[in-house]
Amino acid sequence: MEALFDGLHSQQQVFARLPATPEQVLTPEFVRRLRHPTGPLLEAMRVNDTTCSGWTPRAPVHLYAARGDKDVAIANSRHCQAEFAASGTTAALTDVGDVGHFVSPLRSMPLIAAWFEHLLPA
């Protein structure tokens, strides 16, 4: 794998040759720790998980995610939705389907445009 990250390979070349699962690269113990973090690893993850916490939106929020996205888990959007709810903000979440990371924006964009249009005053 080190040879793939030499700066000479395109993203497509790298992605095509990466293993399909973490288990093909990492030890079983490391995968277990990532899936069920505790102690310092859990604390480091919490410290760095500031995507949706620590602020309250001042405008309407609607999240879009795909349950089929293997690059960014829909659980991230669900976590943001819960964080917003804890701060008193309601955020809708639309699951755009069992599609991958690069298809989900294509599915989301028309929905986002329609949502923004709905927000415009009549």
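What percentage of the 122 residues in the protein chain is buried? The figure is 20%. Keep in mind that this is a predicted model.

Start with the overall fold. The protein chain has five helices and two strands. Walk along the sequence and the elements come in the order α-α-α-β-α-β-α. Three helices lead. Then strands and helices take turns.

Now look at the dimensions. The C-alpha atoms fill a box of roughly 55 × 35 × 25 Å along the principal axes. The radius of gyration of the protein chain is 18 Å. For a compact globule of 122 residues, a value near 14 Å would be expected. The accessible surface comes to about 9,200 Å². Carbon and sulfur atoms supply 59% of that surface.

How does the chain meet itself? Take the contacts in the protein chain with a separation of 6 or more. Of these, 57% join residues 24 or more positions apart.

Next, zoom in on single residues. Begin with Ala16, in helix H1, which covers residues 11-17. Is Ala16 buried or exposed? Ala16 counts as exposed because its relative accessible area is 64%, and the cut-off for exposed is over 50%. Ala16 and Gly100 lie 84 residues apart along the chain. In space, their C-alpha atoms are separated by 15 Å.

Gly100 turns up again beside Asp69. Where is Asp69 found? Look in the loop between strand S1 (61-65) and helix H4 (74-86). Asp69 is buried, yet has no salt bridge. The nearest side chain of opposite charge is that of Lys70, 8.2 Å away. A salt bridge needs the charged atoms within 4 Å. The side chain of Asp69 does reach a backbone atom, though. At 2.7 Å lies the backbone nitrogen of Asp71. Leave out residues up to four places away in sequence, and Asp69 touches Val99, Gly100, His101 and Ser104.

Helix H4 follows that loop, and Glu83 is found in helix H4. How much of Glu83 is accessible, and what does that make this residue? Its relative accessible area is 28%, so Glu83 is partly exposed. That class lies between buried, under 20%, and exposed, over 50%. Glu83 also has partners from elsewhere in the sequence. Setting aside neighbours within four places, Glu83 is in contact with Cys52 and Ser53. Thr51 is 32 residues from Glu83 in sequence. From C-alpha to C-alpha, Glu83 and Thr51 are 9.8 Å apart.

Terms used. Residues are numbered from 1 along each chain as its sequence is written. This is a predicted model: local features need pLDDT of at least 70, side-chain atom pairs count only at pLDDT 80 or more; totals for chains, interfaces and linings use all residues. Side-chain values use heavy atoms; hydrogens and water are left out. Helices (H or I, at least four residues) and strands (E, at least two) are DSSP runs, numbered from the N terminus. Buried means under 20% relative accessible area, exposed over 50%, partly exposed in between (1.4 Å probe, protein chains only). Lys and Arg count as positive and Asp and Glu as negative; His and the chain ends are not counted. A polar contact is a pair of N or O atoms within 3.5 Å; within protein, one must be able to donate a hydrogen and the other to accept it, and residues adjacent in sequence count only if both atoms are side-chain atoms. Contact means heavy atoms within 4.5 Å. The radius of gyration is taken over C-alpha atoms; the globule rule is 2.2 Å times the number of residues to the power 0.38. Accessible areas come from the Shrake-Rupley method with a 1.4 Å probe; for residues, only the protein chains shown count as cover.
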